[in-house]
Amino acid sequence: MVLMTLKPWLAISILFSFFISNLIGAFVGVNIGTDVTNLPPASDVVALLKARQITNVRLFNADAHMLNALANTSIEVIIGVTNEEVLGIGESPSTAAAWVNRNVAAYMPGTNITAIAVGSEVLTAIPNAAPVLVPAMNYLHKALVASRLNNQVKVSTPQSMDVIAKAFPPSTATFNSSWNSTIFQILQFLRNTNSYYMLNAYPYYEYVQSDGIFPIEYALFQPLSAVKQIVDPNTLFHYVSMFDALVDATYNAIEALNFSDIPVVVTETGWPWAGGSNEPDATKENAETFNNNLIRRVSNDTGPPSQPKIPINTFIYEMFNEDKRPGPISERSWGIFSTNGSDVYSLGLGSSDSISNNSSSAFCVAKPGADENKLQDGINWACGQGRANCSAIQSGQPCYFPDTIQNHASYAYNDYYQRMHSLGGTCDFDGTATLTTQDPSSRTCKFTGSSNSGGVFPPAAFGPIVAPTSQSSTIRSPVIAYTIVVFLALLILDVNAHFVF
């Protein structure tokens, strides 16, 4: 036990992190893969993240364009050491130091890098690299210490469920004995550096491989009938979802090696929305059900039955379909967004929920199926001679996504109509427009004339924001928290408080 005096700035930082982390609760982030034929520019990807209120992302590499585009957004970023880089870094401290200087230190503090994921499922994907995995993690951590970034940036390594010999019942789960030595070293490193275990857990694969032992409702977070209840015979814990069981199996496997207090973060999970003839469960309906239920599950800020007080921070796999990936059709069908920014299916992530129809206004929108050339002519006229304000549909702005002629035409047509209909302006545009009472606004894109506030989340900040005249409870909480942090920080400064570790 060491008695030490914290420097005032460090005490403030610890307090701020504590209050903010407890306010925010569990998050659902997304993985961003790059095996995409028409990957949008990094600036457009970040604009979509902001528009959908996505606050956490994982990159599989340390792409310079993405790291630059993520600067000054406050989005938390996990960057990846690729499997190809693990060997070199694990054999050379200088290579690790150069990697940290080039890919981490060079972008901080502007880009909010919070962790380094060393490889991807190294033990099962490239087992020959297992002997250098923990050295690579140690060298990277030491490089972060040298750069004074080790408090902000944690080091871990994502592993698949394949490193666990048998996941059910969760209470008896253990790591595959052939990896015990390496996994013990990984857990020792995570405990010593206050990091967390990165888990890639896919109920889709577990369900498919179970050959009907488990019902699909269990994999999709759907209610189970009385005769289908899943109960651990040793603990009598009821598992309402396979996701919870997989996370609990991991906690129990960690405990079996005599480690505790190492949180589990799910760095990959999801469901493919399309598959081949031999992949009948890879459907849009199932993908929509799984991911929406996943978001609801994570958002309740509870852990699995054995660790109910530890929320399950989770990253959905993945943002876009990686159409360059080899293998079955399902391997190329995990994306939740198309590259033009539209949803692959309806998803309640961030601001994607639809807005209820509580507006009494009439809106002028593009007719479904209208000729795209005529729509473009309509946009050009509305935004030009028609004097519509079309700034919101420019790249990087709140209404740019979905990046389709139909969407942009609807915004431009409506802005013109709302400004001019009282002066005789009509909603026609050469037969490509129609009036509707359905508010086309989303939570981040508010159409002119909408009486809707835009939902529970405030609009994404693409430019200067004028403070509202009244504050909702969602605005007050951070203000109160900030006030508490400042008060306690001043108290620390005043009395030079001592902390015991």
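## Helix H5 against helix H7

In this predicted model, helix H5 meets helix H7 through Pro-93, Ala-96, Ala-97, Trp-99, Val-100 and Val-104, which face Tyr-139, Leu-140, Ala-143 and Leu-144 of H7. Two packed helices are described by the angle between their axes and the distance between the axes. Here the axes of H5 and H7 (residues 130–146) come within 8 Å, and the crossing angle is roughly 55 degrees. That angle makes H5 oblique to H7. The crossing of H5 past H7 is right-handed.

## Nonpolar cores

Val-104, one of the H5 residues that meet H7, is also prominent in the largest nonpolar core. That core has 108 residues, and Val-104 and Ile-116 are the members that touch the most others. Leaving aside residues up to four places away in sequence, Val-104 touches Ile-79, Trp-99, Ile-113, Ile-116, Leu-144, Leu-149 and Val-153. A second core, separate from this one, has 24 residues, among them Ile-379, Cys-390, Ala-412 and Ala-433.

In soluble globular proteins, nonpolar side chains tend to be buried together. Over the protein as a whole, 48% of the 501 residues count as buried.

## The nine-stranded sheet

The protein has 15 helices and 13 strands. Nine strands make up an open sheet with parallel pairing, in the order E6-E5-E4-E3-E2-E10-E9-E8-E7. Its edges are strand E6 (154–156) and strand E7, each of which pairs on one side only. From one strand to the next, the twist averages 25 degrees.

At the E7 edge, strand E7 pairs with strand E8 (residues 197–200) in the parallel sense, over three bridges. In this pairing, Gln-159 stands opposite Leu-199 of E8.

## Helices on the sheet

H5 packs on the sheet as well, touching strand E4 (76–81) and strand E5; the direction of H5 makes about 150 degrees with that of E4. Helix H12 (residues 284–299) lies across strand E2 (28–32), strand E9 (264–269) and strand E10 (314–316), and H12 runs at about 165 degrees to E10.

In the contacts of the protein with a separation of 6 or more, 72% are accounted for by residues 24 or more positions apart.

## Two buried polar residues

Thr-269 is found in strand E9. Thr-269 counts as buried because its relative accessible area is 0%, against a cut-off of under 20%. With residues up to four places away in sequence left out, Thr-269 touches Ala-201, Tyr-202, Pro-203, Phe-243, Phe-290, Leu-294, Thr-314, Phe-315, Ile-316 and Tyr-317. One of these contacts, Phe-290, is 21 residues from Thr-269 along the chain, and the C-alpha atoms of the two are separated by 9.9 Å.

Asn-407 is found in helix H14 (residues 405–420). Its relative accessible area is 18%, so Asn-407 is also buried. Again without residues up to four places away in sequence, Asn-407 touches Cys-399, Tyr-400, Phe-401 and Pro-402.

## Cis peptide bonds

The peptide bond from Met-108 to Pro-109 is cis, and its omega is near 5 degrees. Pro-109 belongs to the loop that joins helix H5 (93–105) to strand E5 (113–118).

A cis bond also leads from Phe-168 to Pro-169, with omega near 0 degrees. Pro-169 lies in the loop between strand E7 (158–160) and helix H8 (180–192).

## Positive phi outside glycine

Gln-53 has phi near 60 degrees, a positive value in a residue other than glycine. Gln-53 sits in the loop between helix H2 (42–51) and strand E3 (56–59). With a relative accessibility of 24%, Gln-53 counts as partly exposed.

Asp-211 likewise has a positive phi, near 55 degrees, and is not glycine. The loop that holds Asp-211 runs between helix H9 (203–209) and helix H10 (216–219). Asp-211 counts as exposed because its relative accessibility is 70%, where the cut-off for exposed is over 50%.

Notes:
Residues numbered from 1 in each chain as written. Predicted model: local features only at pLDDT ≥ 70, side-chain atom pairs only at ≥ 80, totals over all residues. Heavy atoms only, no water. Core = buried A, V, L, I, M, F, W, Y, C linked by side-chain atoms within 4.5 Å. Buried < 20%, exposed > 50% of the residue type's maximum accessible area, 1.4 Å probe, protein only. Contact = heavy atoms within 4.5 Å. Helix = DSSP H or I, 4+ residues; strand = E, 2+ residues; numbered from the N terminus. Pairing = 2+ DSSP bridges. Axes fitted to C-alpha atoms, helices over the stretch in contact; angles between N-to-C directions. Parallel < 35°, antiparallel > 145°, perpendicular 65-115°, else oblique. Left-handed = near helix turned anticlockwise from the far one by under 90°.
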